[in-house]
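Subject: Handover of a structure

Dear colleague,

Please find the structure below, followed by a short account of what was found in it. I would be grateful if you would read the two side by side.

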Amino acid sequence: MSGWKRIDPGPMFPDARPELPIGTVLKPEPYRIVQKIGDGPYSVVYLADDLDRGTRVVLKRLRGQNSPELMKRFEREARIMKKVVHRNIVQLLGYFILKDFGHFIVMEYIKGERLDAFVERVCPLGKQLPLKLILHIMENLLEALEVIHDNNFVHRDIKPQNIMLIARSDRLPDVRLMDFGVAKVLGGNAPGTYPGLTSRNIQFGNLFPIGSAEFMAPEQIETQDHEGVLPTTDIYAMGVLLFYLLTGVPPFVADEGDVNGCNIMAKHVKNDPPNIRILRDDIPEGLAGSLEKAMDKRQARRFWNAKEFLSAIREITGPLLPVIVAEPRTLRGFQIPRPRTDSVAPTGSVTQRPMPFRKP
Ligand SMILES: Nc1ncnc2c1ncn2[C@@H]1O[C@H](COP(=O)(O)OP(=O)(O)OP(=O)(O)O)[C@@H](O)[C@H]1O
Ligand SMILES: [Mg+2]
């Protein structure tokens, strides 16, 4: 998904830490680095062995070393994860800081396939994901979002790259939402919450939006100081995701030469999304209506939160449910392959344990 535009005008990293070589052992935990599995603007993500427990974990490491703002922001990401406990959300296992190596989030290893990779693999040009799988993914994500919104957070970066599918032999895949790196805490600086993000560098008009251009709601682009970013902002992104699952592409994509995503953002603000009924003819009326409602440019007209969107989706899933139960293994001919077992250990063995925030 090289063309997708992550818009996040936070501070950049002239002070980036050098990569951790494979085999590095971080003490006193101890964790051993197995391989790099992700590389974002703010952090590098590693698969690692927890040598005490004999399990695989994921370590997300803050890239820079001298920015107090980014350290605070990274710690806040961990604190948000600690609060949003749900079977469809990646689980935090710990957070630690090492003098020589920096800041780390420890989380469960999700041994699955990223949603963007899955869609590209099973939906080459012209092929479509089965409706029942789409509804299943939407339901699972909306359940996760319900917990996030109930805790007064807005995820703000719902997109396929932050979603994993875990293949199951006897049912539709499990779904996990990840990456609270740009989540917003509602209620500002009230006790128990964390200060809002400040932003700079990338400009849209005189504004500084945060998020991923293809999935950004108009208010995420247009409101000063991110004031307008509310649970309804995630609802819009879920609408975009629904469109993407139905068609294999997001509703608004970059025109040639749009290197920083401004052109996509302008479309979110001004253009109507393409008519889904024309692009796909098997969509129940209720689903097309829900998509329109979720992607309404006026926040007040959208589903107000994940719970509302979820009930609308469940009304559509209800009648389809017997079909889902009857055909658990194949998805209209698309067998979801079991994940590879050659290079990685199963996730199931990760022990759940309370891990306090600590600074050795
Ligand atoms: N717990 C996990 N299990 C398996 N893979 C993961 C896990 N966490 C992250 N990844 C992989 O690493 C990639 C990057 O992780 P993540 O989305 O958290 O960070 P990022 O997008 O680089 O964020 P940031 O902007 O905060 O630097 C994911 O897209 C996914 O492929
Ligand atoms: Mg991410």
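Which residue follows α3, and what is the sign of its phi? The residue is N152, and its phi is positive, near 65°.

Please note that this is a predicted model, in which local features need pLDDT of at least 70, side-chain atom pairs count only at pLDDT 80 or more, and totals for chains, interfaces and linings use all residues. Residues are numbered from 1 along each chain as its sequence is written, while chains are lettered from A and ligands numbered from 1 in the order in which they are written.

**The chain as a whole**

The protein chain contains nine helices and 15 strands; these are DSSP runs numbered from the N terminus, with helices being H or I of at least four residues and strands E of at least two. Of its 360 residues, 39% are buried, that is, 20 or more other C-beta atoms, placed from the backbone, lie within 10 Å of the residue's own.

**Helix α3**

Helix α3 covers residues 131-150. Its end C-alpha atoms are 28 Å apart, which agrees with the 28 Å that its 20 residues should span at 1.5 Å a residue; the expected span is 1.5 Å times one less than the number of residues. The helix is mostly covered, with 14 of its 20 residues buried. α3 lies across β10 and β11 and runs at about 40° to β11. For this angle, axes are lines fitted to C-alpha atoms, for helices over the stretch in contact (C-beta atoms, placed from the backbone, within 7 Å), and angles run from 0 to 180 degrees between N-to-C directions.

**The sheet beside α3**

Strands β8, β10 and β11 form, in that order, an open sheet with antiparallel pairing; two strands pair if DSSP finds at least two bridges between them. β8 and β11 are the edge strands, each pairing on one side only. Two bridges link β8 (residues 113-114) to β10 (residues 163-166): E113 has L165 as its partner, and R114 stands opposite M164. Between β10 and β11 (residues 174-177) there are four bridges, one of which pairs L165 with V175.

**Ligand 1**

Around ligand 1 there are 20 residues, of which G38, G40, Y42, D179 and G181 come nearest; a residue counts as near if its C-beta atom, placed from the backbone, lies within 6 Å. β3 (31-39), β4 (43-50), β5 (55-62) and β7 (102-108) each contribute at least two residues to this shell.

Yours sincerely

How values were computed. A residue is buried if 20 or more other C-beta atoms lie within 10 Å of its own, exposed if 12 or fewer, and partly exposed in between; C-beta atoms are placed from the backbone. Two residues are in contact if their C-beta atoms, placed from the backbone, lie within 7 Å.
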